[in-house]
Amino acid sequence: MFLTPSLRQQVETIVQEAYGARSKYVHGDVLRDQEESEKPAALRDLRLIVRQVVLRWLVLTPLRH
């Protein structure tokens, strides 16, 4: 779904980091890996990725009648 291999790798890294943070939170670990100033940027990046994936899925998925 992503245009270049480097962009795909960048998205993969962001999603893996987000999943790691989610796992730590769910299992009761303290999230200290990121500075407070980095968290909003990471969340913004993840939201943009999700929005792009959903939009591409809507465009590429054929309508069923």
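**Figure 1. V50 and its setting in helix α2.** V50 sits in helix α2, which covers residues 38-60. This is a predicted model, and the close-up centres on a residue that is partly exposed, V50 having a relative accessible area of 46%. V50 also belongs to a nonpolar surface patch, where V54, L55, W57 and L58 join it. Together these five side chains give a patch of about 490 Å².

**Figure 2. The protein chain as a whole.** Stepping back for a moment, the protein chain contains 2 helices and 0 strands. Of its 65 residues, 6% are buried. The accessible surface of the protein chain is about 5,900 Å², and carbon and sulfur atoms account for 60% of that surface. A search of the whole structure turns up 2 salt bridges, and each has its own view below.

**Figure 3. The salt bridge between E12 and R8.** Side chains of opposite charge can pair when their charged atoms come close. Here E12 pairs with R8, and the closest N and O atoms are 3.1 Å apart. Both E12 and R8 are found in helix α1, residues 5-26. Their spacing of 4 residues is about one turn of the helix. E12 counts as partly exposed at 32% relative accessibility, and R8 is likewise partly exposed, at 44%.

**Figure 4. The salt bridge between D45 and R44.** The second view of a charged pair shows D45 and R44, whose side chains meet in a salt bridge with an N to O distance of 3.1 Å. How accessible is D45, as a relative value? D45 has 26% relative accessibility, so D45 counts as partly exposed. R44 has a relative accessible area of 48% and is partly exposed too.

**Figure 5. Helix α1, its buried residues and what follows.** How well does the span of α1 agree with its number of residues? With 22 residues, at 1.5 Å a residue, α1 should span 32 Å. The end C-alpha atoms of α1 are 31 Å apart, which agrees with that expectation. Look along α1 for V11, I14 and S23, which are buried. Just after α1 comes G28, with a positive phi of about 85 degrees.

**Figure 6. I14 and the residues it touches.** I14 is part of helix α1 and is one of the buried residues there. Which residues does I14 touch, leaving aside those up to four places away in sequence? The contacts of I14 are D45, L46 and I49. Among them is D45, the salt-bridge partner of R44. I14 and L43 are 29 residues apart in sequence, and their C-alpha atoms are 9.4 Å apart in space.

**Figure 7. L43 across from A18.** L43 has its place in helix α2, the helix that also holds V50. With a relative accessible area of 43%, L43 is partly exposed. L43 and A18 are 25 residues apart along the chain, and 8.2 Å separates their C-alpha atoms. For the other pair involving L43, the C-alpha to C-alpha distance to I14 is 9.4 Å.

Terms used
Residues are numbered from 1 along each chain as its sequence is written. This is a predicted model: local features need pLDDT of at least 70, side-chain atom pairs count only at pLDDT 80 or more; totals for chains, interfaces and linings use all residues. Side-chain values use heavy atoms; hydrogens and water are left out. Patches are made of residues with over 30% relative accessible area and no salt bridge: like charges are joined within 9 Å, nonpolar side chains (Val, Leu, Ile, Met, Phe, Trp, Tyr) within 5 Å. Accessible areas come from the Shrake-Rupley method with a 1.4 Å probe; for residues, only the protein chains shown count as cover. A salt bridge is a side-chain nitrogen of Lys or Arg within 4 Å of a carboxyl oxygen of Asp or Glu. Buried means under 20% relative accessible area, exposed over 50%, partly exposed in between (1.4 Å probe, protein chains only). Contact means heavy atoms within 4.5 Å. The expected span of a helix is 1.5 Å times one less than its number of residues.
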